[in-house]
Amino acid sequence: MSDNPPASERYRVFTPEFDTAAPDPLDPAKRYHTGVFIQTDPDIFEGDLFHVTGDIIAAKGMYFDVKESYTPGASAHFHRTTEIGWIYKVDFPRIRGILEALPTPTKQQGIDFWSHDPSKRNKITWTKENGELYGPGEQRRPIIKCNEWTHQIAIPKLRQEGILHS
C-alpha cells in the first residue's frame, strides 16, 4: 500500500476534547475529556469515538467505551479537535478490539472515612488501586485518566500495530 493513499481509501483520525462535567478537586489543572475519533463520514464530521470514561474514584476505575455514529461538534461540551493522522478503511474493524484490550485507568482516589484528623475525614484523597490510603512519605503513582490513556497508551498502540499513520 502506498504512503499517501487517496482519501477514498482512508479515514482521518482526531483527538477531540470536551469540557469535563466535574473538575477533579485533587488535580486542579484544567483538563478536557478526550479519546480517539475516527471520522467515517467527512461530510458531517461523524464517526466513532473510542475512549475511557467513568471515574477514578469508582472501585473498578474507568472503563472502555465506543460512541458510534458520533458527531463531536454536536456536544455542548465540545472544546476543539486535533487531527493526528489517518487509517486505511480496511483497518477500521480492527481498532475496537485493539483498544478494548488495553488496560484502563484503575481506581486512584477514595474518600478518607477513617482519618483521626477531623479536617481530613470524608475528604477525597489519592489512594492505591485497592483503595488503601498512601502512608506518610509514600510515593504516589502517576495519574492515569482519559488523557494519559489516549496519548500514552491508545495512540502509541495504534501506531505500533501499523494502523495509525501520520
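This is a tour of a predicted model, stop by stop, with something to select at each.

**Before starting**

Residues are numbered from 1 along each chain as its sequence is written. Because the model is predicted, local features need pLDDT of at least 70 and side-chain atom pairs count only at pLDDT 80 or more, while totals for chains, interfaces and linings use all residues; side-chain values use heavy atoms, with hydrogens and water left out.

**Stop 1: the whole chain**

Show the protein chain as a cartoon. It has two helices and eight strands. Helices (H or I, at least four residues) and strands (E, at least two) are DSSP runs, numbered from the N terminus. Followed along the sequence, the pattern is β-β-β-β-β-β-α-β-β-α. The C-alpha trace spans about 65 × 30 × 20 Å along its principal axes.

Of the 166 residues in the chain, 39% are buried. Buried means under 20% relative accessible area, exposed over 50%, and partly exposed in between (1.4 Å probe, protein chains only). Contact means heavy atoms within 4.5 Å. Among contacts between residues at least 6 apart in sequence, 61% join residues at least 24 apart.

**Stop 2: helix 1**

Select residues 92-100, which are helix 1. Which of its residues are buried? They are F92, I95, I98 and L99. Seen down the axis of helix 1, these buried residues fall within an arc of 95°, so they line one face of the helix. The arc is that of the directions from the helix axis to the C-beta atoms.

Now add what covers these residues: the cover includes strand 1 (10-19), strand 3 (36-41), strand 4 (46-54), strand 5 (62-70), strand 6 (78-88) and helix 2 (146-160).

**Stop 3: aromatic rings**

Keep F92 selected and add Y11 and F50; Y11, F50 and F92 form one aromatic cluster. Rings of Phe, Tyr and Trp (its six-membered ring) pair if their centres lie within 6.5 Å; planes under 30 degrees apart count as stacked, over 60 as edge-to-face and the rest as tilted. The structure holds nine aromatic pairs. One of them is the tilted pair of F37 and F45, at 5.2 Å centre to centre with 40° between the planes.

Are these two residues buried or exposed? F37 is buried, with a relative accessible area of 0%, whereas F45 counts as partly exposed at 23%.

**Stop 4: two positive phi angles**

Stay on F45, in the loop between strand 3 and strand 4. F45 is not a glycine, yet its phi is positive, about 50°. Most residues other than glycine have a negative phi. Next select S69 in strand 5. The phi of S69 is also a positive value, near 50°. S69 is exposed, with a relative accessible area of 53%.

**Stop 5: strand 2 and the largest pocket**

Select T34 in strand 2. T34 is buried, with a relative accessible area of 2%. Leaving aside neighbours within four places in sequence, T34 is in contact with T15, P16, E17, H51, C146, N147, T150 and H151. T34 and T20 are 14 residues apart along the chain, and their C-alpha atoms are separated by 9.6 Å.

T20 leads to the largest pocket, where T20, A21, A22, H33 and G54 lie nearest the centre among 32 lining residues. The volume of this pocket is about 760 Å³. On a 1 Å grid over the protein atoms alone, a pocket is an open set of points with protein on both sides within 12 Å along at least five of seven lines, a cavity is a set where a 1.4 Å probe fits but cannot get out, and lining residues have an atom within 4 Å of a point. Grid points are joined across faces, edges and corners, and a volume is the space filled by probe spheres set on the points.

Which strand gives the most to the lining of the largest pocket? Strand 4 does, with four residues.

**Stop 6: the cavity and its surroundings**

The structure holds one cavity of 30 Å³ or more. To see its lining, select Q108, W126, T127, Y134, R140, R141, P142 and I143. The charged end of R140 sits over the ring of W126, 4.3 Å from its centre. For this, NZ of Lys or CZ of Arg must be within 6 Å of the ring centre and within 35 degrees of the ring normal.

Finish at Q109 in strand 7 (residues 109-112). Q109 is buried, with a relative accessible area of 3%. Beyond neighbours within four places in sequence, its contacts include W126 and T127.
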